[in-house]
Every structure is written in structure tokens, then in C-alpha cells.
2 protein chains.
Amino acid sequence: MITFDGFVPVQGGVCAAKGFTAGGICIGVKASNLENDKKDLAMIYCVRKCNTASVYTVNKVAGAPIAVTKKHLALTSGKAQAVIANSGNANTCNPDGIDIAEKMCKLTAEALHLSEEDIIIASTGVIGQKLSIEPFETGIPILAAELSELGSDAACEAIMTTDTFKKQFAVEFELSGGVKCSLGGISKGSGMINPNMATLLAFITTDVYISVPMLEQALKFVNGVTYNMVSVDGDTSTNDMVSVMASGLAGNNRITEENEDYETFVEALYAVMVNLARETARDGEGATKLLECIVRGAPDEDIAKAVAKSVISSSLFKAAMSAGDANWGRIMCAIGYTDCEFDISKISIELASSQGRIIVCKNGSGVPFSEEEAYTLLSEDEVRIYINLNSGEGEAVAWGCDLTKEYVDINADYRS
Amino acid sequence: MITFDGFVPVQGGVCAAKGFTAGGICIGVKASNLENDKKDLAMIYCVRKCNTASVYTVNKVAGAPIAVTKKHLALTSGKAQAVIANSGNANTCNPDGIDIAEKMCKLTAEALHLSEEDIIIASTGVIGQKLSIEPFETGIPILAAELSELGSDAACEAIMTTDTFKKQFAVEFELSGGVKCSLGGISKGSGMINPNMATLLAFITTDVYISVPMLEQALKFVNGVTYNMVSVDGDTSTNDMVSVMASGLAGNNRITEENEDYETFVEALYAVMVNLARETARDGEGATKLLECIVRGAPDEDIAKAVAKSVISSSLFKAAMSAGDANWGRIMCAIGYTDCEFDISKISIELASSQGRIIVCKNGSGVPFSEEEAYTLLSEDEVRIYINLNSGEGEAVAWGCDLTKEYVDINADYRS
């Protein structure tokens with residue numbers, strides 16, 4: 001895990017901030033979950049209504065839970081008090097999907113003594129399979145009674161699909177006047193990961209007091225440089241959603257404009273979201289290593305972003321990385337097919353890991369390097385690719401993972 | 001192989017048309033080729049100068065051979081008399097790449113008693129590795145002396161990289177006045193296949209008499225509905241090129257406008273190029289089956305093309321197909337993230353093969369179907385996906401292949 005200056009990583013995940021409890025249980029959304037005791041229902045609750053912001057998938061085939069969450073946040077002008085989320089079924093492309101999602105919210109509202117529109121809902125799993133309400137009728141009241149400040153772990157587990165480890169991270173920081181604040185979150189990813197204006201599932205909570213418009217602005221900005229810069233397989237999911245709930249219980253001066261507190265808040269949000277995003281890339285389906293592509297010297301930031309994402313999305317480059325093969329020609333190829341203009345003959349490329357750093361390409365052409373040294377370097381589980389376009393000041397970072405046979409294994413057999 | 005009404009498939013490949021000879025030999029472009037006796041140098045020759053058209057990769061990192069071919073065709077206003085092509089090294093991102101490509105043309109011109117600018121040149125293989133001129137100095141004169149009307153097979157073999165079978169196809173047809181004409185070609189593909197305005201390598205020859213502008217128009221159109229609709233892995237290569245050489249020896253009236261003869265010529269070109277393109281998809285790296293996605297009812301043709309390509313490019317859908325899993329939610333997902341507008345709730349999806357045809361999605365939602373029947377159907381080596389957007393008259397077809405563990409195997413180890 002990386003840390004950021006001024007931010008102290010703390011335990012607690014989505015319950016690190018004041019006012020939040022969470023939990024996760026196995027209710028058998030799909031039959032095999034019962035057999036494996038795989039948690040598949042998560043709940044997050046706050047003692048008071050939170051200012052809330054969300055970003056969503058741009059996929060036109062958006063899941064029913066996305067539609068319901070959007071409706072609720074519109075009705076409340078950005079207030080929410082609880083999250084209900086299941087894995088094992090995406091509740092997408094079902095004729096009765098909206099109805100099921102609304103019933104899930106109703107059950108949650110009843111169990112927590114809230115109104116339906118106070119609930120944010122999310123589902124992840126297979127698309128186009130009927131979702132039965134029955135397990136939720138039994139499970140939601142049980143889960144509501146079990147919520148605890150130690151429940152982030154269980155909630156995090158319950159939203160996992162093919163994820164192999166939990167993604168949670170939280171930080172503590174100070175706003176003006178020495179007010180101590182917390183911000184933390186949980187996330188799931190693994191496959192169908194190529195977020196665009198939103199991503200996968202991530203739920204973030206904070207006790208900072210901040211207006212809805214400023215919260216939305218902060219989330220949109222930070223999402224653009226974290227989750228939107230991650231790709232596992234180029235497939236933008238139908239159910240991506242990132243939500244931030246702010247309880248306001250820290251006692252800071254309300255943030256309503258771009259002041260110093262706002263900047264600190266954005267940095268804290270970045271610290272948490274960049275960690276969750278990197279871990280999502282690291283845990284891409286079948287992945288054995290995290291790829292971090294740092295682009296500098298682009299004509300502008302958009303071009304830097306496009307180049308960085310193109311490289312970490314190339315199947316050929318990702319396959320080479322799985323074998324620790326310094327096939328930098330595939331990096332050049334992926335740079336070359338981005339849809340933007342710059343001078344190819346100025347490009348330099350370096351490969352790096354904890355084992356060192358080597359230059360493989362200068363002025364757009366190969367330079368001699370030790371294949372052995374490159375292999376050692378690329379055998380680490382975190383590899384960095386530094387690309388300098390030497391054509392301006394634009395910078396960006398993107399995260400991905402290698403492409404392995406296990407990706408095919410997992411996805412040839414995901415529904416069963 | 002599919003055939004088209006009015007077109008008789010014939011033998012001879014790139015030598016089917018009058019005036020053409022070809023050949024291929026092993027010269028050891030890379031050392032392992034000598035060990036395996038893998039042919040790696042191809043030549044095609046015509047007894048007279050041909051009107052010639054080419055389309056090229058849109059990758060900004062274009063190989064040196066692309067630059068040299070463009071220069072030559074510009075100098076001659078679209079005339080060429082021979083092709084020299086090697087596999088085993090892409091001659092791309094090399095500081096002396098242009099120099100080497102020009103030397104290869106010079107050697108070919110000397111051996112065939114032509115001018116350098118009469119030569120079209122292409123290279124395919126690893127990017128960013130020095131290409132030595134020495135094997136060409138010895139090999140080109142030998143190959144020039146061996147050219148024959150039976151040489152299409154050898155030339156086709158010599159341009160193969162990870163291809164597992166030869167792609168060649170030719171047809172005979174009649175133009176007005178009962179003039180018999182031929183048109184045929186050879187092609188290589190396999191990986192780094194996501195052509196855009198051009199593709200992989202394909203050399204097509206014909207004895208039709210046609211002006212350069214009409215030849216260019218025909219190639220551009222047919223390429224747009226054949227090679228540009230193929231994707232193996234989404235990686236647009238640096239060295240894609242399709243060239244058509246027309247000797248004019250058939251004796252037909254010169255085609256200089258969009259008359260009936262032009263239409264027949266376009267259909268013949270389509271018959272050959274669609275066959276080569278489909279075979280390229282079928283032989284994608286690691287592929288076990290050909291996927292053909294037929295989109296109908298789109299608001300316009302561009303949207304139909306975008307949807308068809310999105311589906312056959314989805315890693316998740318391709319992985320599901322490798323296991324014969326009717327995971328149609330991934331088709332919906334890939335339709336949903338295409339960057340164009342239409343009504344998702346009108347979509348229907350059917351899956352088909354020689355084993356039958358089943359409907360899996362109607363009005364944007366799943367319909368019950370037999371998983372067993374679907375599995376049987378999808379176990380065939382040619383699978384068709386019919387998508388109707390029910391939103392207009394636009395139609396398109398795209399071709400791809402399944403994603404298997406062998407793709408990763410091949411590409412984790414391609415340079416060695």
C-alpha cells in the first residue's frame with residue numbers, strides 16, 4: 001500500500017468515519033454461495049442522513065440498481081443514510097429488475113426505520129439472470145440487526161465476486177482549526193473493469209461536513225484520476241458505481257467552496273481512492289502483477305491519459321508482462337494507436353520495479369539493454385512503465401494488470 | 001470457405017491472375033527460421049507495371065516499409081511491378097529502418113531488372129529489433145530466379161508469423177463482352193489484429209484493366225467492410241498493409257467510372273477479401289472458433305459497425321465463447337458501451353451455428369432457453385451472433401475469434 005504525506009492510514013475501512021456501521025452476511029443470492037458460505041449481502045448505515053455523491057457507469061445497459069439509486073438521490077437532493085449491496089447477481093437485463101431493486105430498498109428501509117429514498121442500492125454478478133427477492137426478505141432484517149463499527153471487513157467480503165482479496169483503506173487527517181476527520185472505503189473489482197466516469201463498486205464514507213455540490217465536484221475530479229484510469233480487460237461494466245457519503249459529524253466548518261479545507265478533503269479522497277483503484281488493478285482476474293504506467297511530456301493531460309490507458313489496456317503488452325518479457329515494441333504499438341497527435345520520434349520508454357530501472361527506447365527507437373536485467377526487473381509483482389513523449393507538460397498515471405491463462409479460465413466458466 | 005454467386009473459386013492464389021508469378025524461401029531473417037526451415041521471404045512479380053492501390057495502418061508508429069511503399073507509389077502515381085515481403089522482423093522502431101527497407105527494394109529491383117520505385121515492400125514480426133541486410137543480399141537473387149506461376153503457396157507461407165494455416169483465395173469472373181478475369185490474394189494475420197483503414201498483410205493481384213483512382217476507391221470500400229471489421233485482440237499493428245496490383249492483361253475495357261464492370265470488380269474483390277478476412281479471424285492467435293457477429297436494425301451503418309466490432313472485441317465475451325458458455329449478458333454489456341445512441345430495450349439477440357439457432361434476449365431482457373442446446377450450438381467451430389437493434393435499417397458484419405489460454409501462451413513468449 002502506498003501512503004501520502006500528511007495522511008495517516010487507519011483501520012476501520014468504511015466504518016473509520018464517525019457515525020458509520022456496516023456488516024455482511026451470506027444469504028444465498030446464488031445457491032453456490034450457501035455451499036461455500038460466501039458472504040453476498042452488504043449493508044452500510046449512518047446514524048444520520050449524509051450528503052452523498054455518486055458517479056455511475058456510462059454503459060447504456062445500466063443495471064436496475066443504478067436507475068433506482070439515481071432516482072433516490074434525485075428525490076432527496078443528494079441525501080442518503082444506508083447502502084444495500086449484493087454480489088452474485090447484477091440484476092441487469094431482467095424484465096422485473098427495477099421492481100426487485102425497489103423491493104430490496106423497501107426491506108432495508110423497514111429494517112432500519114428509514115424511507116426508501118434514503119437507500120443507495122448496488123448489485124454485482126452475472127447479467128441477465130433473474131434475482132429472487134426471497135433471500136433478501138429473510139436476510140435484510142438479520143443483517144440490519146448485526147451492523148457494527150467493526151463490520152467493514154464483512155461488508156467488503158460480501159461485495160466481492162472474483163476478487164481474491166479485500167480492498168479497503170482509510171485515512172485520518174486534520175481540517176482547519178485542528179479538527180480531526182476520517183475518510184475510508186471498500187471496493188470490489190476483478191473483471192469487466194474499464195470504468196468510464198465511474199467504476200466497479202466502491203462505497204466511501206467520511207465524517208467531514210461538506211455540501212452536496214462540493215462533494216460531487218470532489219468525487220468527479222478524483223474519480224477521473226483514479227478509477228477511470230484503471231483497466232483490467234477493457235470491458236466497461238453495466239453496474240459500476242462509486243458513492244461517497246459524508247455524515248458531517250467531525251465538527252469542521254462546512255465546506256461550501258474551493259478553500260484550503262476543500263483541497264485537503266480532495267487529497268484525502270484521492271489517498272483513499274487511488275489505493276482502492278490500484279488494488280483493484282492488482283487483483284484483476286487472473287493477474288499476477290500490478291502495472292503502473294506513468295506518462296509525462298504529453299501535449300496535454302487528456303493525451304497523457306489516453307496514452308497511459310492505451311498501454312495498460314493492450315492485450316499483447318499485458319501477455320508479455322505475464323512472462324516478464326521486455327517486449328517494448330508492444331508499448332510503442334499501443335502508444336501509436338491512441339487517437340491523438342504527437343511526435344513518435346521523441347518518445348522514450350523506461351521499465352522499473354523494486355529491482356531497478358532500465359531504458360529500452362529513446363527518440364522512438366530501441367536502445368541496447370540487458371534482457372537478463374530486464375527479466376529480473378519485470379519478475380516483480382509491481383512493474384512501472386515510464387513513458388516520456390517529450391512534447392509538452394501533460395502527465396497521467398494508469399493502472400492495469402498482466403493477462404494470464406487464469407483470466408481465460410475464470411471467464412470461460414464464470415456463470416457456473 | 002464461403003463462395004459468392006457468380007464467382008467461381010479457383011486455385012492459384014496470388015498467381016491466379018494473368019501476368020503474375022510468386023515465390024517464397026527461407027533466408028533466416030531470424031536464426032530460428034533456419035533451424036525450422038521456416039520460409040520468411042516472399043516475392044510477387046508481374047510481367048508488366050500494374051496499376052496499384054494500398055491502404056495502410058493508422059498507427060502513428062508505422063513501420064519503415066510502410067513509409068517506403070508510400071513514397072514509391074507516390075513517385076510512380078500508383079504503379080508497381082513487384083512485392084518484397086519478409087516475416088520474422090517488423091523493421092519498425094529501428095534507427096536505420098528506412099535505410100534497410102530501401103536496400104531491400106534496391107536488391108529486389110536489381111534482381112528483377114526494375115527500378116526501386118516499382119517495388120512494394122512489407123515486413124512483419126517483432127518490433128524494435130535490428131534487421132540485418134545480409135540474408136537479403138544472398139536471398140533476394142535466389143528467390144527472384146525461382147519465381148513461378150505455382151509460387152503462391154510458398155509466398156503465402158513466407159509471410160506467416162504465428163498463423164497456423166495459409167490464407168489464399170482466388171476467383172474467376174466475367175466482365176462485359178464475356179471477358180474472363182481473375183482476382184486472388186494471399187494474407188497473413190494471427191495477432192496484433194485490429195485493422196483500422198487497413199490491416200495485417202494482404203497482397204491481391206488481378207488481370208483486370210482498371211484506373212488507379214477506381215482501384216483505390218474499390219479497395220477503400222471493400223477494406224471497410226472486410227478487414228476493418230476483423231479483430232483478434234484489439235491491438236492495431238504498426239505494419240498493416242493491403243495492396244492490390246492490377247496488370248490489365250485480361251483485355252477488358254478499361255474501368256474508369258462506376259459502371260457495371262466496376263460493380264462486378266468490387267464484388268469479386270469483396271469475394272476474395274471477405275474470405276481472407278474471415279480466415280484471418282478464424283486463425284487468430286490461440287483461437288478455436290470463428291465468431292461472426294451480424295448486426296441489423298441499427299440507426300445507421302456506422303452504429304451497426306461499432307456494435308458488431310464491440311461485441312467481437314470483448315475479452316469477456318470471447319472467453320465465454322471459448323467454453324461454449326451462452327453468457328449473453330456480456331454481449332449486452334459490449335453493446336451497451338459502444339459510443340452511440342439507441343434504445344437498449346428494443347434489442348434482441350440470437351446465437352446460431354450449424355447446430356441450429358436460439359433466441360436468448362428479447363426487448364433487452366433475457367428469455368428462457370435450454371442451456372444444453374446452447375452449449376451444443378456453441379461448441380461448433382463457427383458461431384454466429386445475430387443482434388437486432390430494432391431501431392433502423394443499418395447493417396454490418398464483424399469477425400473475431402474466441403480468447404483462449406493459448407493466446408496468452410503465444411504472446412507471453414513471442415520474441416523467443
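**Note on the two-chain predicted model**

1. Chain A is superposed on chain B by a rotation of 180 degrees with 0.0 Å of shift along its axis, at an RMSD of 0.0 Å, the fit being by least squares on the C-alpha atoms of residues with pLDDT of at least 70 in both copies. This is the relation of a two-fold axis, and in chain A the C-alpha nearest that axis belongs to A:K405, 2.3 Å from it.

2. The model is predicted, so that local features need pLDDT of at least 70 and side-chain atom pairs count only at pLDDT 80 or more, while totals for chains, interfaces and linings use all residues. Residues are numbered from 1 along each chain as its sequence is written, chains are lettered from A and ligands numbered from 1 in the order in which they are written, and side-chain values use heavy atoms, with hydrogens and water left out.

3. Of the interface residues of chain A, 100% are also interface residues in chain B, so the copies meet through the same surface.

4. Within chain A, the axes of helix α6 (residues 212-225) and helix α7 (residues 260-282) come within 10 Å and cross at roughly 40 degrees; helices here are DSSP runs of H or I with at least four residues, strands are runs of E with at least two, and both are numbered from the N terminus. The axes are lines fitted to C-alpha atoms, for helices over the stretch in contact, with angles running from 0 to 180 degrees between N-to-C directions. That crossing makes α6(A) oblique to α7(A), given that angles under 35 degrees count as roughly parallel, over 145 as roughly antiparallel, 65 to 115 as roughly perpendicular and the rest as oblique.

5. Residues of α6(A), among them A:L215, A:F221 and A:V222, meet residues of α7(A) that include A:F265, A:L269 and A:M273, contact meaning heavy atoms within 4.5 Å. The residues of this contact divide into 13 nonpolar, two polar and no charged, where Ala, Val, Leu, Ile, Met, Phe, Trp, Tyr, Cys and Pro count as nonpolar, Asp, Glu, Lys and Arg as charged, and the others, Gly among them, as polar.

6. The backbone at A:N91 deserves a check: the residue is not a glycine, yet has a positive phi of about 45 degrees. Most residues other than glycine have a negative phi. A:N91 lies in the loop between β4 (79-87) and α3 (97-112) of chain A and is buried, with a relative accessible area of 1%; buried means under 20%, exposed over 50% and partly exposed in between, with a 1.4 Å probe and protein chains only.

7. In chain B, B:A90 sits in the loop between β4 and α3 and is buried at a relative accessible area of 1%. Leaving aside residues up to four places away in sequence, B:A90 touches B:P65, B:S123, B:T124, B:G125, B:V126, B:I127 and B:N239.
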